[in-house]
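Subject: Handing over the structure

Hi there,

Here is the structure I promised to pass on to you. Have a look at it first, and then read on for what I found.

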Amino acid sequence: MSSVKPYDMCWLDYRTLKIKDFDLFRTICIVDNDKSLEVPIKELKHFIKYSFKINPRVIKGSFDFSKYILIGKIDQMKDIIKEAKMWERKLNNEGFILKRIKENDKDILIITAKNERALVYAVFKLIENLRIGEKLDDLNHVDNPASYFRIINHWDNLDGTVERGYAGNSIFFKDNKIIINERTRDYARLLSSIGINGVVINNVNVKKKEVELITHKYLKILSRLANIFWDYGIKIYLSINFASPIYLGGLSTADPLDKRVSIWWKTKAEEIYDYIPYFGGFLVKADSEFNPGPHMYGRTHADGANMLAEALEPYGGYVIWRTFVYNCMQDWRDYKTDRARAAYDNFKPLDGNFYENVVLQIKYGPMDFQVREPVSPLFGGMEKTNQILELQITQEYTGQQIHLCYLGTLWKEILEFDTYAKGEGSKVKEILKGKIFETKYNGFAGVSNVGDSSNWTGHDLAQANLYTFGVLAWNPDRDIAKVVDDWIKLTFGDDSKVRENISYMLLNSHRIYEKYTTPFGLGWMVNPGYHYGPNPEGYEYSRWGTYHRANYEAIGIDRTSKGTGYTLQYHSPWREIYDDINKCPEDLLLFFHRVPYKFILKSGKTLIQQIYDLHFEGVEEVEVLKEKWYELKERIDDKIFERVSKRLEMQLEHAKEWRDVINTYFFRKTGIPDDKGRKIYP
Ligand code: GCV
């Protein structure tokens, strides 16, 4: 790595670029002296300096050169580029154009957009294109983001800890103070380079101390932080505690329909926007896992969200309201309160009741980021409500950045899921683009996997998850193998063996992880509290009965129309497909059905045999991952090679533990031996 910083720059670590004809990069022309172009120009110059070892000159108002880069807002271009007016119509506020024009004796590379923030996206995209080897001659991009929101959620606490963080401490907080340093700007650069436009800096569980983030005590320094991010097109958001009027305002209630409460929030919003004019809004976890919410006062989520929305509306702010609402004290043996149903049951009746600046943030599945869940039926269910798809980049249930588990493949499957809400083609990705329902403000949220470790993500290859989140949020149509290949080129260079092996590792890793942990949509078999390592009856909220209800003859939950009725939350044909044990996709079989161990699968094997086989296979495949990595020893930076090798060693050991614990559990439950006679006991 060429970085001289005490931390990596991930996919932004520029190295010398071999482009024959780079004269074009010697001159950057701007139309007039516009201070707001400072950041995109700085980024462009930085790249040119590192890649071509030259210092480009910046020229204002003169274009008398044969080769140059022309950068500016589209408004400024109208007098010099005849196509500019036509281009303007093709762009939204965050989109941009990159175009090479060769005419007569002129050779111009144009970078243009409607505003300076979109120009930053444009510059980063140009850099990426060049670094992955796109031919300059072919450069002709009109690129608009597909969705309105592309937000990273940090679950960082003021004391510096990170809930479900596996890469060190917070980069935002330490000892109840806000951190601003060189890394802050570099984080903004990394996020901007993948098209992110929002970051929620604090945990959705807003505890006593964190409630104070929206007070004068923190707002001043927060405004500095917000300016750094806004330079890169990213708005700051804060998670808030719904009972703040009680904690901070001395009121006796937080009832959203109480006038004193709504006035308190209006005054608070005014104060926040005074400090941070480009504040994004609030993220709210209400009535969930012991967080307060409108239910405490007999009010609905719409009452709660709308009251906050009214306070933010004059400033263009949004309320992002999470649908992760369920009764965590529920008895899992009780069929009537199936947790999978909770989000839909809570929110579907409220469709149409939310204000325009309220957005519901919906976890990808109905439960909680398990290695595989069905796609939440809320996406196809909320026709009149803005929606954000919440993905977990941090690997809480997917190996905690010790295991290699690339999530892009899973996310792509989610985005391609057809809800059939408006007939065939009503895919999740189209809903998020705003093409299926008449909602404008949709998008993506990813729970961050970043901490203060020198490589940002603990596992070096987990950087690919962060990168992919941004890329898909900008354009969910992207081909995932190409995204992976781009990331490898940007991070490790163009060595074909490196590309081949790491692509293999990333693209297969989620399936492999699923095999040796919890296949068939089982999920949850983790140690309570920290959610790492196998524990077949362990998950903390399952102390009121095991959630999978395994006994000696069958396992799984009947969520069909004859069981908990969860399948009825889907549109046809999914409700019929999921309802039918013979049609249900096998990788979700035990999510939807209660199945005898001797049930014959499509492969002709029994369920129990397939459980054994998958666990053995999973471990063998981790060995292959390791081999693929070791083949790269001479081709990868030593430090990175060692770090990843260590994690792969651990992954293999822990995968074996998973295999043995899970297989033993089922062997003991059923008494059915492995038909290949392999050793099941550890
Ligand atoms: C931030 C799960 C996690 C919690 C997390 C919660 C949520 O329950 O284990 O750590 O809380 O989801 O998404 O709110």
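Two residues are in contact when they have heavy atoms within 4.5 Å of each other. Keep that in mind for the two domains, and note that this is a predicted model.

**The two domains**

The domain assignment splits off domain 1, residues 10-143, and domain 2, residues 149-476. Their C-alpha centres are 34 Å apart. Where they meet, 16 residues of domain 1 are in contact with 20 residues of domain 2.

The size of an interface is often given as the accessible area lost when the parts come together. Here domain 1 and domain 2 bury about 1,700 Å² between them, and 59% of that is on carbon and sulfur atoms. Which three residues supply the most of the area that domain 1 buries against domain 2? They are Trp11, Arg117 and Tyr121, which together supply 40% of it.

There are also polar links across this boundary. Two salt bridges are counted between domain 1 and domain 2, and nine residue pairs are in polar contact, both residues being at pLDDT 80 or more. On the side of domain 1 that touches domain 2, the elements giving two or more residues are helix H1 (38-52) and H4. The largest share comes from H4, with five residues. By type, the residues on this side of domain 1 are nine nonpolar, one polar and six charged.

If you would like one salt bridge to look up, try Arg150 and Glu94, where the closest N and O atoms are 3.0 Å apart.

**Two buried residues**

Asn115 is in the loop between strand S5 (106-113) and helix H4 (116-131). Is Asn115 buried or exposed? Its relative accessibility is 13%, so Asn115 counts as buried, the cut-off for that being under 20%. The side chain of Asn115 reaches the backbone oxygen of Asn93 at 2.9 Å. Leaving out residues up to four places away in sequence, Asn115 touches Lys73 and Asn93.

Asp107 lies in strand S5. With a relative accessibility of 7%, Asp107 is buried too. Not counting neighbours within four places in sequence, its contacts are Leu24, Ser66, Lys67, Tyr68, Arg100, Ile101 and Lys102. For a sense of scale, Asp107 and Thr664 are 557 residues apart along the chain, and their C-alpha atoms are separated by 69 Å.

**Some backbone details**

Most residues other than glycine have a negative phi, and most peptide bonds are trans. Three places in this model are worth a look with that in mind.

- Asn176 has a positive phi, near 65 degrees. This residue is in the loop between strand S8 (173-174) and strand S9 (177-178), and at 28% relative accessibility Asn176 counts as partly exposed.
- Phe290 is not a glycine either, yet its phi is positive at about 75 degrees. You will find Phe290 in the loop between strand S12 (281-284) and helix H10 (301-312), where it is exposed, with a relative accessible area of 64%.
- The peptide bond from Ser572 to Pro573 is cis, with omega near 5 degrees. Pro573 is in the loop between strand S17 (554-555) and helix H18 (574-579).

Happy exploring, and do write back with any questions.

Best wishes

Terms used: Residues numbered from 1 in each chain as written. Predicted model: local features only at pLDDT ≥ 70, side-chain atom pairs only at ≥ 80, totals over all residues. Heavy atoms only, no water. Helix = DSSP H or I, 4+ residues; strand = E, 2+ residues; numbered from the N terminus. Buried < 20%, exposed > 50% of the residue type's maximum accessible area, 1.4 Å probe, protein only. Polar contact = N/O pair within 3.5 Å; in protein donor to acceptor, adjacent residues only side chain to side chain. Domains from an automatic or database assignment. Buried area = accessible area lost by both parts, 1.4 Å probe. Salt bridge = Lys/Arg side-chain N within 4 Å of Asp/Glu carboxyl O. Nonpolar A, V, L, I, M, F, W, Y, C, P; charged D, E, K, R; others polar.
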